[in-house]
Structures are given as structure tokens and as C-alpha cells.
Amino acid sequence: MTDTHRTVDAVWKLESARIIAGLTRMVRDVGLAEEIAQDALVAALEQWPESGVPNNPGAWLTAVAKRRAVDHVRRSRRLERKHEQLAHDLERGQEEESAPDDVLRLMFVTCHPVLETRARIALTLRLVCGLTTGEIARAFLTDEPGVARLVAGAKRTLAEKRIPFDLPDGPELAERLSSVLEVVYLVFNEGYSATSGDDLTRPGLCLEALRLGRLLAELAPREAEAHGLVALMELHASRAAARTGPGGELVQLHEQNRGRWDQLLVRRGFTAMLRAREAGGPPGPYVLQAAIAACHARARTSEDTDWEQIASLYEALVRLLPTPIVRLNRAVAIGMARGPRAGLALVDALAADPALRDYHLLPGVRGDLLERSGRHEEARLEFERAASLTGNSAERAFLRRRADGIAATGARGATLGQAVRDFLGRDDLDPETLRSYGQTLRRLRRSLGDRAPLASLTADQVTGVFAASWEGVAARTWNRHRSAVRSFGAWASLEHLAAGIDRRAETRAPTREVDPALLEALWSRRDLPLRERTLWRLLNESAAGVGAVLSLNVEDLDLDDRRARAGGTWVGWRSQTARLLPLLVADRTRGPLFLADRRPGPGRMPAAADLCPETGRGRLSYTRAEYLFKQATRSLDPSGAGYTLRQLRPRS
């Protein structure tokens with residue numbers, strides 16, 4: 001990445017929310033506003049490397065985005081009257097005054113009740129704060145594709161419902177405030193402890209969250225939780241300068257130089273706490289968390305901290321907000337107040353929670369409690385596992401220092417990571433088996449740690465991984481993962497590993513055939529690629545299995561007799577497939593009949609039999625072929641899920 005591109009990226013992170021908010025006010029469509037803003041970003045990436053970075057890059061991006069918005073408005077007949085005023089304002093360089101703040105308006109739009117809660121949070125983090133889908137996924141403790149679907153669906157809903165770009169008032173304000181507060185807190189947390197990157201913090205996000213929190217408190221002065229959130233953020237932000245050492249390394253709370261805590265922010269935090277109390281009512285989650293932060297702020301030294309009071313506050317917080325992370329924080333407090341064994345019992349009870357399976361602070365907390373309990377070798381392994389799970393370089397370095405600071409006892413022998421690499425590196429595993437085994441064993445490595453001694457693995461540990469990772473999956477998937485562990489255990493002379501995992505009975509529902517009328521609608525489409533049309537016609541006309549059809553090679557085809565050899569059987573077809581096959585084959589004389597979209601990378605080279613010697617492309621995989629068919633048939637399927645390739649096979 002060039003210096004100019006880094007500048008563009010930095011400016012975009014600072015200005016994107018303001019630009020999108022202004023565009024939303026103009027075009028009244030948050031999804032369209034983001035698209036126009038992205039166009040301006042692309043223009044900067046194209047032009048700035050040649051013309052240089054402008055003196056006011058934020059104004060440049062704003063001007064380009066607004067010009068494109070005006071162009072869009074002009075193209076829309078429904079907005080003919082409005083575009084003249086927008087164009088006039090743009091030419092004169094005037095900004096429409098926002099009351100009280102455009103970004104705040106945007107937040108209330110993205111937190112509208114027409115969206116379900118998680119969609120509100122994801123969309124606000126994406127548009128207002130500029131977080132990537134990966135960062136949002138880590139904040140949600142979920143996967144990136146799920147976040148992408150949430151964001152896309154939320155934008156579509158807001159556009160369809162024509163949500164106005166206005167601030168709510170009265171009962172509607174209270175209804176939407178909790179979602180906005182939750183988003184602001186997530187933004188602050190991402191800034192306070194960045195989920196990825198080289199730096200521990202992202203100060204810009206912390207400042208933006210504080211600014212928005214203060215605005216919310218002014219907008220809703222009688223809402224105790226708004227003031228509680230402000231107090232919580234002010235008190236946490238007061239420690240910022242003391243959280244890192246001279247080299248940017250993380251400094252734990254009990255080791256921080258409290259003289260470096262920002263006393264102005266501490267006083268502001270206490271003032272916000274007083275306002276929360278004046279608002280009245282029982283304390284909510286943010287007020288309780290602010291009270292916990294206040295306990296730390298009042299202690300002159302680490303030893304003066306009232307851990308019993310903090311533990312009591314966490315007990316109250318868990319009753320209101322029994323999330324896995326709050327329960328983990330309660331375990332830390334109880335471990336400090338009542339000893340590491342008490343805290344360890346609570347942490348161990350969380351080990352099987354699916355939401356925490358890849359959360360690095362779970363093994364990090366467990367390692368700290370184990371070390372304080374004198375179980376040093378176990379603590380070292382937990383710190384190493386935590387280091388492998390975090391995406392933040394500063395946290396990873398800190399955790400590895402803690403692991404390296406514990407003297408290993410005895411010979412360590414083979415590790416789980418090395419054993420898995422050796423097991424998967426054998427020559428006798430076909431690509432499909434290798435892929436399946438790899439999925440299972442990667443999960444074991446992430447959950448138990450690469451450096452876990454192989455000889456120390458127990459059936460209880462493996463059973464716990466299964467419960468956290470695959471408890472709700474179909475029986476067939478469960479049994480596939482079980483089979484992988486059994487094979488690995490047999491290879492490593494650890495047959496006991498799968499002892500606690502029972503095989504589940506598989507029941508396969510009868511395959512539902514695609515309605516012939518829907519098939520006709522599919523066949524009539526002319527926008528589908530030749531490869532897909534040929535594959536689907538062949539499956540439908542031949543009634544052959546998907547695997548058999550995908551295994552066909554060009555040299556196996558007998559186009560005159562309309563058949564091909566597939567292993568020990570023949571696959572035949574009718575006229576429509578016969579018309580398409582010559583077009584698909586073209587001038588090729590050998591290699592897979594159905595090819596992948598592109599050539600494989602050097603690290604994923606298929607076997608020679610699955611590689612076309614003429615094009616260099618590999619054989620089309622079952623997974624990719626299935627995905628393409630589901631995507632193409634979503635609009636035809638009443639459930640919206642799309643059909644499977646097996647459903648193309650006629651029943652008679």
C-alpha cells in the first residue's frame with residue numbers, strides 16, 4: 001500500500017460517517033448514500049496518486065460525493081424540484097445546517113424499529129463508524145458473511161420503508177435510544193481495545209463514541225442510562241495514557257501508573273454518574289458498569305481496590321444482562337475478591353458456551369487464574385491459545401510474553417498443531433477427505449491450542465469442543481466431524497479422543513423434486529452461463545448423481561450416442577443437453593468437462609486428474625456448483641432458500 005493510499009484510508013475513516021450522513025439527507029436512502037460515498041472514495045484512490053493529496057481532503061471527498069448525489073437527483077424525475085436547490089447550494093458551497101448533528105440523525109435512522117436489533121447495530125457500525133464487516137463480526141462474536149447479510153438486508157429495508165432522516169421525539173426517542181446506546185458502546189470498545197491491527201487502541205473511535213454519547217445525554221437528559229454510558233466511557237478513557245508502555249506494549253490495570261490517569265475525564269465521569277442518579281429509577285446495565293469503573297477510579301493504588309464491591313456490582317449486572325462476556329468479567333472480579341479457585345470454577349462453566357469459543361479473553365482469563373493457583377504449565381498453554389485467537393498484534397505480543405515468562409515443566413513432546421499438520425500431510429488422503437478432516441481439526445487446534453501437548457489431550461476436552469462448536473448441527477455433519485476425530489485419534493494412538501462423542505442417527509428426508517413449471521422458467525433464462533445451463537440440463541435429463549456428472553472428462557464423452565462413461569456406469573442425456581455439450585467442450589480434447597472459474601492458486605493445486613491441461617483450470621467442485629444453483633433458484637423457491645442440485649433429478 002502506497003503512502004497516498006494510506007492517506008486516503010485514514011481520511012475515509014475520519015470523514016465517511018459525516019459524508020454518508022449528509023448524502024442521506026440529500027437522497028433519503030441510506031444504502032444509496034453509502035454507494036455514492038464509495039464512488040467518491042474510488043475517485044480519490046484513482047486521482048490522488050497522480051494529482052496529489054488536496055489541501056483539504058475531507059472537503060474534496062464531500063464535494064465529489066455531493067456532485068454525484070446531485071447528478072443522481074437530477075436523473076430522478078420524482079425529485080426534479082429538489083435537485084435545482086441542491087445544485088444551487090453546492091455551487092455556492094453552502095452546507096445545510098443540521099440540528100443538532102447529522103451523524104446523530106444518521107444513527108437514529110440506522111437504529112429504526114423497522115430493523116431487528118442486530119441489524120440496527122451492524123448497520124450503524126458500518127455506516128456511522130466505518131468498521132469493516134470483519135471488525136463488526138468480532139464485536140458480535142459471529143462470522144463475516146452473517147454480518148454482510150445483516151447490513152445488506154437492513155439497507156434494503158430502510159430504502160423500501162422510506163424512513164425519514166429525522167430525529168425522533170417523545171416515546172419514539174426512548175424506544176430507539178437503547179439501540180443507539182448499545183452501538184455507541186460497541187464503537188467505544190472497538191476504539192479502546194481494537195480487535196485487529198498493530199495498535200492496542202483506535203483513539204479516533206473512542207473520541208467519536210464520547211462525542212456521540214454526550215450528544216445523546218443532552219438529547220435525553222432524563223435517561224439515566226444515557227448518562228451512565230457517558231460516565232462509563234469517560235472513566236475508561238481516563239486510563240488511556242497509562243494502558244501502554246513506551247513501546248506500545250499493553251500494561252495491565254493493576255500495573256498502571258495511576259498518576260497518568262486523566263483527572264479531568266475522571267471528574268467528568270463522576271459528574272455523569274451524579275446526573276444518572278438524579279434521573280432516578282433502578283440502575284441499568286450502563287449505570288452498573290460505570291459504578292464498577294468508579295470503584296477503580298476511587299482506589300489510589302491497585303491494592304486499595306474494593307473487589308468485594310465490584311463483585312457485588314457484577315452480580316447485579318449479571319441478573320440484568322446475563323451475557324457470556326459479562327459472566328466472564330464477573331469471574332475475574334470474584335477471582336480477585338474470593339481467590340482464583342472461585343473465579344476458575346466460573347470460567348470453566350463458560351468453556352462450552354459457543355459464543356466464547358474463539359474469544360481470546362476466555363483462555364486469557366483462565367490462564368491468569370491458573371497461574372495464580374500455581375498451575376503454571378496449564379496457564380502457559382492457555383496464554384499461548386489466547387495469543388493464537390486474538391487479531392490484535394499488541395495483545396498477541398502481551399499474551400506471548402506472559403506465556404514465555406512461565407517456565408515450562410518437563411518435556412513437552414509432540415504438540416497438537418504439529419500432529420495435525422503431520423496427519424493432514426499424508427499422501428493417502430484424497431482432496432475431499434483432506435478438506436473434511438481439515439475443517440474438524442482446525443477447530444480442535446483453535447479451541448485447544450496448537451502448542452497443547454498431544455499426550456495430554458482428553459476425551460472430555462474433545463467432547464467440550466464438539467458441544468461448543470457443533471451441538472446444533474445435522475446428524476450427518478456431527479458424524480462427519482466425529483469420524484475425523486476417530487481417524488486422527490487412531491493415527492496418533494489416542495483412540496480415546498472420541499470416547500465421549502456418540503454417533504447420531506441420520507434420517508434423510510425424501511428429496512423434493514423441482515416443480516416442472518419452475519424448471520421451464522429456469523430453462524427460459526438466457527442470462528445464465530453456458531457451463532451452468534449444461535450442467536443443470538445434464539443432471540435433469542440423465543437422472544445421474546451429481547458426483548458422477550461432475551467427475552466426467554471430455555475424453556469420456558460419446559456425443560454421437562449421447563452418453564459418457566462415469567466410473568463403472570454410463571451417463572446418458574437427451575436433446576437439450578446434446579445441443580449444449582458441443583458448445584461447452586469447444587476445442588478441448590481432454591480434461592474435466594466442467595471447469596472452475598479460474599486457475600487454482602499455488603497453495604491449492606488439485607490432483608493432475610482434476611486439472612485441465614489445456615486451460616490450466618481445475619474441476620468444478622460440488623460445493624461451488626451447489627452454491628451457484630441455490631443462488632440462481634432463490635427467486636423460484638417459495639422458501640427463498642433456493643434448490644439443491646439433487647432436486648434436479650426426476651423421481652421417475
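Student: Let's begin with a loop residue: between which two helices does Ser 493 lie?
Tutor: Happy to start there, keeping in mind that this is a predicted model. Ser 493 belongs to a loop. The helices on either side of that loop are helix 23 (475-491) and helix 24 (516-523).

Student: Is Ser 493 buried or exposed?
Tutor: A residue counts as exposed when its relative accessible area is over 50%. Ser 493 has a relative accessible area of 57%, so Ser 493 is exposed.

Student: What is the phi of Ser 493?
Tutor: Ser 493 is not a glycine, yet its phi is positive. The value is about 60°.

Student: Which residue in the loop between helix 27 and helix 28 can we look at next?
Tutor: Helix 27 covers 575-585, and a loop lies between it and helix 28. One residue there is exposed, with a relative accessible area of 55%. This residue is not a glycine and has a positive phi near 55°. Its name is Ala 586.

Student: Now for the strands: in what order do they stand in the open sheet of three strands?
Tutor: The pairing in this sheet is antiparallel. Strand 3 (557-558) and strand 5 are at the edges with a single partner strand each, so each has one side without a neighbour in the sheet. The order is 3-4-5.

Student: How many bridges join strand 4 and strand 5?
Tutor: Strand 4 spans residues 563-566 and strand 5 spans residues 569-572. Ala 564 faces Val 571 in strand 5, and Arg 565 has Trp 570 as its bridge partner. The antiparallel pairing of the two strands runs over four bridges.

Student: Which residue takes a positive phi in the hairpin of strand 4 and strand 5?
Tutor: Two residues sit between the strands of this hairpin. The phi in question is near 65°, and the residue that takes it is Gly 567.

Student: Let's move to helix 5: how many of its residues are buried?
Tutor: The buried residues run from Asp 102 through Val 103, Leu 104, Arg 105, Leu 106, Met 107, Phe 108 and Val 109 to Thr 110. They pack against several helices, including helix 1 (3-27), helix 2 (30-51) and helix 6 (117-127). Helix 5 is largely enclosed by the rest of the structure, because the buried count is nine of the nine.

Student: Which backbone oxygen lies 3.0 Å from the side chain of Thr 110?
Tutor: Thr 110 lies in helix 5 (residues 102-110) and, at 0% relative accessibility, counts as buried. Among the residues it touches beyond four places away in sequence are Val 30, Arg 120, Thr 124 and Leu 158. The backbone oxygen 3.0 Å from a polar atom of its side chain is that of Met 107.

Student: What is the volume of the second largest cavity?
Tutor: The model has three cavities of 30 Å³ or more. The lining of the second largest one includes Val 30, Val 109 and Leu 158, and by class it has seven nonpolar, one polar and two charged residues. Its volume is about 70 Å³.

Student: One last contact: which residue's backbone nitrogen does the side chain of Gln 647 reach?
Tutor: Gln 647 is in the segment after helix 28 (622-633). With 9% relative accessibility, Gln 647 counts as buried. At 2.8 Å, its side chain reaches the backbone nitrogen of Thr 644.

Conventions. Residues numbered from 1 in each chain as written. Predicted model: local features only at pLDDT ≥ 70, side-chain atom pairs only at ≥ 80, totals over all residues. Heavy atoms only, no water. Buried < 20%, exposed > 50% of the residue type's maximum accessible area, 1.4 Å probe, protein only. Polar contact = N/O pair within 3.5 Å; in protein donor to acceptor, adjacent residues only side chain to side chain. Contact = heavy atoms within 4.5 Å. Pairing = 2+ DSSP bridges. 1 Å grid on protein atoms, 1.4 Å probe; cavity = no way out; pocket = protein on both sides within 12 Å on 5 of 7 lines; lining within 4 Å. Points joined across faces, edges and corners; volume = space filled by probe spheres on them. Nonpolar A, V, L, I, M, F, W, Y, C, P; charged D, E, K, R; others polar.
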